[in-house]
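Biologist: I would like to know how the labels on this model are earned. Could you take me through the reasoning?

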Amino acid sequence: MPWPAWAPLGLAAALAATVLTAPAPAHAATASGAVLDPAHGDVSWQSPVYPKGTGGGTESCPDAAADPENKVCDRFDLTVSVPDGYWDDNPEGGVPLSVKWEKPSDDFDLYVYDDHGKQVASSAGTADPEATVIPRASGTYHVLVVPYDVHDNSFTGTAYLPATTDAGDLTSFSGRDGSYTVKAGQLTAQADFLTGGQLRLQADPSGSLSDPAGTAIVRTQPAVERHTSSFDAGEYYGIRSPQAVLRVYKKPLRFGLYRPDNRTRIWQEDKPLRWSTGGMRQSLTRGADEQFFGGGEQNGSFSHRGQTMYVSNSFDWDEGGYNNSQPFYLSSAGYGVFRNTFAPGVYTFGSPVTTGQQERRLDAYYFLGDAKQVIGKYTQLVGKPFMPPVYGLEPGDSDCYLHNANRGERHTLDALKIADGYTGHQMPLGWMLVNDGYGCGYENLEQTAKGLQDHHAQLGLWTQDGIGKLADQVKAGQRVAKLDVAWVGNGYKFALDACDAAKKGIEDNSDARGFVWLPVSWAGAQRCGVLWSGDQKLSWDYIRWQIPTYAGATMSGIAYNTGDVGSIYRHDAKMYARDLQWKAFLPAIMTMDGWATDLTTKKPADQQPWLDGEPYTSINRKYLQLKEQLLPYMYTLSAEAAKTGVGAVRPLWLEYPDDPGTLTDQAKYEFLSGPDFLVAPVYQDSDTRDGIYLPKGTWTDYWTGRTYQGPTTVNGYHAPLDTLPLFVREGAIVPMWPKGTTSWQTRDRHELDWDLYPAAHGTSRYTLYEDDGVTRDFTKGAAAGQQVSVHADGHGTTVSVGASKGDYAGKVDARAYRFTVHGDSAPRRILLDGRQLPASAWSYDPGTQVTTITTPSLSLERGFTVRLVDER
């Protein structure tokens, strides 16, 4: 859990065009520092030999005066002197700096400060070399290298000034059957049209194309779309496919992608490709109203127009961090692009739009369609979201029980006492991590797993030291694996490999579905794990910025992104309750215990949801039980995400892309849970929520039944501590388990509830997805679907429930149904398949305007209708 502080990589925005000459050759530095300028292109220096590491971050280094020979930590001054405008439109955007050592098992950490003592760059993972970029470097910088985990080892530091070159005029054009080769001097480019409206564009100034990522991200290459043709339009060559026309401009070489009419622009390069010593950028014309999304997990934002988006691994868990970023973005112009690379990158969505990775090549897949179609095609390429076990959508609990230096010595079996607490307080619990702390360890694994199963929960373990023991642990009962930041290893590929391997390890040694959590990742991680936003400290601000973070991650096909309920390091009863209530509408949540300090008492505070007493215990129970009730709805969304790539937690723009109100600062701090629930969390110490934006349509307050006509902004919404502002879309059909359910295993399988919000006009339809919830038999077709439709007319409302089609282990033959139908007035009578139900089978609440109907047990092999006949 705790990890050395890390500041974001700095990669500068690229805006103007200046071609620069190559810097002079390398030179060795003096013992204390060196200069980078047009006469000195790069520098290197050698550190002393360190017999041992510090085991800590920068705080473990003494002042320079107390360490004059750098025997504890290494210090080096780097002065950068470049002309004005040197960094404008430079693909690398700053001075690349790295430290490399001889023993890969060791670990040096790298930090850079400006002359005012401000940290401007760092690299403090476990990679060798540690590498970063000093953004738009100019002036003197103080480099501090910490021998974090070192045994008689030294390092070599290097830095250089990146020079730039632009692609020149077209020198050759050839190709057919979907694949075309283009050359401009030393630059070779290749355009491959792929089935499903995709294009892969590669370019490399070395004259030959390479694919360093190989099959690590893209497992299977899409087939080539052979039905293409080319033509000479004078100014450019055109390549026509069924979905688009690629223009290849001649002087200078530039690319543009247009719709089949060859008039409507999708994207257009405004300048030729530019490469540098270690980077390449693409520059595009920005549309007047063009919006940009994606980038994986970008803490604090979901929409990026006018912003610079970093794609790297920052270990910055707070707002502005991007530890689970992905080299992918989506444009409202009808396309998305994935850069097939493990290299860090920077995307500036200004005018022009400039995008680039820290490598001297371009390898980009372009996807065409609306936002959901683009997400679907992107995840088809890198991996669709995995299908979680149903207990993975229940709350998780995490702590260290053995060798816990933070709470005193305990035993792994003590976790069962916490499980007793969940059961005793009637709070759902799906799984527990019982060793979540550095050096924690575990004992009595089989007994612990069995004890948790008796509480209808599953055993989870933190794989701090790798997954070599995973097979034996899974055989002992482990079903959840959480990876560590150390799994980043030597580059992002290691993190992705670990996620794939951990999921496979669970599935190879049991019949369960792999359920993996990870705090650092790359493109493709959605296929194997829940992305977790890291170690944060509690504040109202912490609650605020997480809202767009998780909604925005969905725009990159990340279906499961979450953070600790109440954060890890600090606790406050009121903030904890506010944080839990909105996170109940995320698919996956976890509470982190054993590390927090209470903000008021300054004493250690565990964070189980009943520990703060009343009224907090009842409020927390209310939302945890509501989350459990809604699992049929959320589980169906998971099944849809596994097919479409679109997760449950969505920014409003994804469902209402033609509504500019969904891009405002107000809408930024709310989200949709599926298409039906609009959640507007309270992120201030207040019982009033202002600025709730409701898009077009009728929205019903979930608690009071009051309706609102959108588009509108609701101010002054009364939201005492037990009330989460929550609205339901007109036409929603919501399946639910019976009230009071606390586990998927103990639920009443012979009852299913439906919460219905009939539309004034038209018919609403919904298909419920069900399977056994835990095994992988669903991949063989062991699943069922049940369709429900709701139609309102001038005389009443008809609910049509179809037969449940399909089979799976544990499926019941029949069940009763409880319908809650929201409407304006009480019905005169209720008919079930044309026969009137007795008055005892239904009721009407004039306060909420809800009709509640209970049916007898009905066979799942046939459908039925319920008719609410109006008084009119």
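Modeller: We will go through some disulfides and one helix, and the model is a predicted one.

Biologist: How do you know that Cys 61 and Cys 73 form a disulfide?

Modeller: The cut-off is sulfur atoms within 2.5 Å. The sulfur atoms of Cys 61 and Cys 73 are 2.0 Å apart. So the pair counts as a disulfide. The structure holds three disulfides.

Biologist: What about Cys 400 and Cys 440: what is their sulfur distance?

Modeller: Their sulfur atoms are 2.2 Å apart. That is within 2.5 Å, so this pair is a disulfide. The link is right-handed, with 100° about the S-S bond. Cys 400 lies in the loop between strand E30 and helix H2, and Cys 440 in the loop between strand E31 and helix H3, so the pair ties together parts 40 residues apart in sequence.

Biologist: Why is Cys 400 called buried?

Modeller: Buried means under 20% relative accessible area. Cys 400 has 4% relative accessibility, so it counts as buried. Cys 440, at 1%, counts as buried too.

Biologist: What makes helix H9 largely enclosed?

Modeller: Of its 14 residues, 10 are buried, so the rest of the structure largely encloses H9. Among them are Leu 631, Tyr 633 and Met 634.

Biologist: How does the span of H9 compare with the expected value?

Modeller: H9 reaches 19 Å from its first C-alpha to its last. The expected span is 20 Å, at 1.5 Å a residue. The two values are close. Just after H9, Gly 645 takes a positive phi of about 85°.

Note on methods: Residues are numbered from 1 along each chain as its sequence is written. This is a predicted model: local features need pLDDT of at least 70, side-chain atom pairs count only at pLDDT 80 or more; totals for chains, interfaces and linings use all residues. Side-chain values use heavy atoms; hydrogens and water are left out. Helices (H or I, at least four residues) and strands (E, at least two) are DSSP runs, numbered from the N terminus. The expected span of a helix is 1.5 Å times one less than its number of residues. Buried means under 20% relative accessible area, exposed over 50%, partly exposed in between (1.4 Å probe, protein chains only).
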